Amino acid sequence: MSKPITVGHFAFTPKARRYVREIMKSGRLSYGPFSQRFEAEFARLHNCAFAAFMNSGTSALHVALQAMKEQGGWKDGDEVIVPAQTFVATVNIVIHNRLKPVFVDVDPITYNLDHRKLIDAIRGGKTRAVIPVHLHGLPAQIDEICHDARAFGLQVLEDSCESMFAKFKGQPVGSWGDAACFSTYIAHLLSTGIGGLATTNNPDLAKRIRSLMNHGRDGIYLSIDDDDGLSGERLREVIAKRFSFTSIGHSFRATEFEAALGLAQLEGHEKMLAARKRNAMRLIENLRDLEDKIQLPIVPQDREHAWMMFPIVLRYEDKAGLTQHLEEHGIETRCIPRIVDQPCYASEYPDLAERFPVASWLTRSGFYVGVHSALDVGDMDRIADCIRQYFQVVRRVPSIIAEETVTLDHDADLTYAGKKATEPQPRSQPWTQPRRENAAGLAVSEESPNPLGAST
Ligand SMILES: Cc1ncc(COP(=O)(O)O)c(C=O)c1O
């Protein structure tokens, strides 16, 4: 059996080992020089003045939104706009902050929040913020989103947990909104095991975020260094306020170990990004002849892709047969992060799948494979061969016939695989609603009640 092609990887580089050894020698585990260096360098690379490193991207999103809520004096039940296609954390942190998520469908080409639908979701004077997500590594249409949000006085919190470094119109993700959050969880662009960062250019938000991740502690004492060199009146004040908490906060801190891993990888991130791009381009080249069956990632000319993952969406079919075939051949797959069919939202939002046809299509037909830097072009060729084999040999069922075809008029000037689009360029891309679904949620046609061979 050939080696597994995974969706992510982690390697202890010599530099990471050196940094970890330094921590073991110093005995300093709590917020210290590695965390500070990691934060400063990460913020600089994303054109931000402040970054706070903590224990997850979800934690970062939670405290960033909470900081906005406190700063703006929002009320419980106020609304926050989120894409209908994202990882559950984007939605959950809105709910945990006692705010109400309002969903907007995503763009069928970029899979990110469809900015043309944003204004319709702003209603009743209760909307306070929008959380665009840069899904899979590709920036959302963040200029238009910020423009419309600001016109209505909304805050913009970029969920950049799947993207880093990538630029939109020359400016990095994370630098467009009022704050942004990143994840360094396993299989992300930088991986520290657990971890996440919140960035902002707003000093008041930065102060609140740092306090909220430290139990809501008074900003006078957030690190054990904060009383170094103090004396007299100032020292007395710090001692008095060390255990003073000004907000209801959280214990979201990370340690120097995670920061050291992040810093070591940050220092080699250009090579990592280049390898991912090389792999993604190779896969796109190799899969071009299947474009009538699958939609490959498209990178609009005005932005870069960080290629955290490589999404593949079947145009007219459920993904289950293809993902099973890939997994049987040692190629890991994962569903595109999704919302509309999640059991946890079913009682509160029972009709998401019907209301958001693009998210519904991606949920049914979209998955991703890895293009990370431990893989090479040979691995990409293996993925492409396996997908081709599925369509040419394995699959014996007819495509599901379109019942309802929605025509898109996508205005963006698109490039495909980094080149100006020629043929075939899906400016008018149909996607379909299956006629009905079986008990397992798989699409079935009249002719073949169980076309994918899955048990029901
Ligand atoms: C879009 C998105 N938001 C938030 C998160 C949460 O990040 P973490 O797992 O670090 O909490 C993820 C994680 O993959 C994500 O994909």
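Is Asn-47 buried, partly exposed or exposed, and how many other C-beta atoms lie within 10 Å? In this predicted model, Asn-47 is partly exposed, because 15 other C-beta atoms lie within 10 Å, a count that falls between the limits of 12 or fewer for exposed and 20 or more for buried residues.

**Figure 1. Asn-47 in the loop that leads from α2 to β1.** The loop that holds Asn-47 lies between α2 (33-45) and β1. The phi angle of Asn-47 is near 50°, which is a positive value in a residue other than glycine.

**Figure 2. The open sheet of seven strands.** The strands follow the order β1-β9-β8-β5-β4-β2-β3, and their pairing is mixed. Because β1 (50-54) and β3 each have a single partner strand, they stand at the edges of the sheet, and one side of each is left without a neighbour there. From one strand to the next, the twist averages 25°.

**Figure 3. The pairing of β1 with β9.** Strand β9 (residues 196-200) pairs with β1 in the antiparallel sense, and five bridges join the two strands. Within this close-up, Met-54 can be found opposite Gly-196 of β9.

**Figure 4. Helix α5 across two strands of the sheet.** Residues 142-151 form helix α5, which lies across both β4 and β5 (155-159). The helix runs at about 155° to β5.

**Figure 5. Tyr-111 and its surroundings in the loop between β3 and β4.** The loop in which Tyr-111 is found connects β3 (100-104) with β4 (127-130). Tyr-111 counts as buried because it has 27 C-beta neighbours inside 10 Å, where 20 or more are required. Its phi angle is near 70°, again a positive value in a residue other than glycine. When neighbours within four places in sequence are left aside, Tyr-111 is in contact with Gln-85, Val-106, Leu-135, His-136, Pro-311 and Leu-362. Ile-298 is 187 residues away from Tyr-111 in sequence, yet the C-alpha atoms of the two residues are 9.8 Å apart in space.

**Figure 6. The shell of residues around the ligand.** The ligand has 15 residues around it, of which Ser-56, Gly-57, Thr-58, Cys-161 and Ser-183 come nearest. Helices α3 (57-72) and α4 (88-96) each supply at least two residues of this shell. By type, the shell divides into six nonpolar, seven polar and two charged residues.

**Figure 7. Helix α9 and the elements that cover its buried residues.** Helix α9 (residues 269-287) has 19 residues, which at 1.5 Å a residue should span 27 Å, and its end C-alpha atoms agree with this because they are 27 Å apart. The buried residues of the helix are Met-272, Leu-273, Arg-276, Asn-279, Ala-280, Arg-282, Leu-283, Ile-284 and Leu-287. Among the elements that cover these buried residues are β10 (294-295), β12 (310-314) and α13 (377-394).

**Figure 8. The whole chain, as context for the close-up views.** The chain contains 13 helices and 18 strands, and 47% of its 456 residues are buried. Of the contacts between residues at least 6 apart in sequence, 72% join residues that are at least 24 apart.

Notes:
Residues are numbered from 1 along each chain as its sequence is written. This is a predicted model: local features need pLDDT of at least 70, side-chain atom pairs count only at pLDDT 80 or more; totals for chains, interfaces and linings use all residues. Helices (H or I, at least four residues) and strands (E, at least two) are DSSP runs, numbered from the N terminus. Two residues are in contact if their C-beta atoms, placed from the backbone, lie within 7 Å. Two strands pair if DSSP finds at least two bridges between them. Axes are lines fitted to C-alpha atoms, for helices over the stretch in contact, and angles run from 0 to 180 degrees between N-to-C directions. A residue is near a molecule or strand if its C-beta atom, placed from the backbone, lies within 6 Å of it. Ala, Val, Leu, Ile, Met, Phe, Trp, Tyr, Cys and Pro count as nonpolar, Asp, Glu, Lys and Arg as charged, and the others, Gly among them, as polar. The expected span of a helix is 1.5 Å times one less than its number of residues.
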